[in-house]
Amino acid sequence: MKIPRRSSLQVLAAAVFAPLSFLPKLSLAQIVKLKATPQDVEGPYYPTTWNGEVDNDLTTLNGKKYTGGIPMTLRGRVRGDSGEILKDARVEIWQIDDVGEYRHPGFGGEKPAQRGFQGYGWMQTDDGGQYTFQTIKPIGYSGRPPHVHFKVIAPGYITLITEMYFAGENAEGSLYQRLFGGFSRERDLLSISPNRLSLGKAETLDAVFDIVLARL
Ligand SMILES: [Fe+2]
């Protein structure tokens, strides 16, 4: 029997599109896959304790303001790799100070804290997935470029351990470290350019480092 042309098109369309009607409706956020922030090395100076004053203001310790270094606001938003905002994610940072010491038994011990720099801190993201730290710009040391270490933890997501660098000064200084350091090959994705602000004569930095976690 000859099928009229119009009917055959309708049959064809029904055959092609019918299976799609069984698919669950996906939101744009579920279709768009963001690239997760690259993992980087933890390094040897992860804090040995999270007791005591470990808030998000590394420049105030025991009520006193630290005056060394270039003050830096370090902030950003934590999302999952489908674009979803992650509130109550735990964001930890640790870093060297402006003298060149970590607050760690294997480095400067408590010397940074004795000078008034907290050295590490953590906070939970707010309802908008935002975190903010008050800190200073770290200096480079032992051939390593300036960097801030991050650990970000959220239930249902792969814990991110990484380092944030500064664009234009993110190269490893020694061949040994370039070859054997095990650092992320995606360093440019971990590098930011802070806005430079002036408060009177003093320079301050506003650094934005947004983070994407991969779902477990
Ligand atoms: Fe480090």
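**View 1. Tryptophan 94 and histidine 149 stand opposite each other, the latter in strand β7.** The model shown here and in the other views is predicted. Strand β4 covers residues 90-95 and pairs with β7 in the antiparallel sense, over six bridges. A further bridge partner in β7 is valine 148, which is matched with glutamine 95. Strands of a sheet pair through backbone hydrogen bonds, in either a parallel or an antiparallel arrangement.

**View 2. Strands β7 and β8 form a hairpin.** The two strands run antiparallel and are joined by six bridges, with β8 spanning residues 160-166. Leucine 160 of β8 is the bridge partner of valine 152. Six residues lie between the strands of this hairpin, and in it glycine 156 takes a positive phi near 90 degrees.

**View 3. Strand β7 is largely enclosed by the rest of the structure.** The strand consists of residues 147-153. Five of its seven residues are buried, so the surrounding structure encloses most of the strand. In the open sheet of five strands, the order is β5-β4-β7-β8-β9 and the pairing is mixed. Strands β5 (120-124) and β9 are at the edges, each pairing on one side only.

**View 4. Asparagine 62 sits in the loop between β1 and β2.** The flanking strands are β1 at 60-61 and β2 at 64-65. Asparagine 62 has a positive phi of about 55 degrees, although it is not a glycine. Most residues other than glycine have a negative phi. Asparagine 62 has 9 other C-beta atoms within 10 Å, and a residue with 12 or fewer is classed as exposed, so asparagine 62 is exposed.

**View 5. Serine 142 lies in the loop between β6 and β7.** Strand β6, on one side of this loop, comprises residues 130-136. The phi of serine 142 is positive, at about 50 degrees, although this residue is not a glycine. Serine 142 counts as exposed because it has 9 C-beta neighbours inside 10 Å.

**View 6. Glycine 181 is located in the loop between α4 and β9.** Helix α4 covers 175-180 and strand β9 covers 191-192. Glycine 181 has 15 C-beta neighbours inside 10 Å and therefore counts as partly exposed. Apart from neighbours within four places in sequence, glycine 181 is in contact with Val41 and Glu172. Arginine 144 is 37 residues away from glycine 181 along the chain, and the C-alpha atoms of the two residues are separated by 9.9 Å.

Definitions and conventions
Residues numbered from 1 in each chain as written. Predicted model: local features only at pLDDT ≥ 70, side-chain atom pairs only at ≥ 80, totals over all residues. Buried ≥ 20, exposed ≤ 12 C-beta atoms within 10 Å, placed from the backbone. Helix = DSSP H or I, 4+ residues; strand = E, 2+ residues; numbered from the N terminus. Pairing = 2+ DSSP bridges. Contact = placed C-beta atoms within 7 Å.
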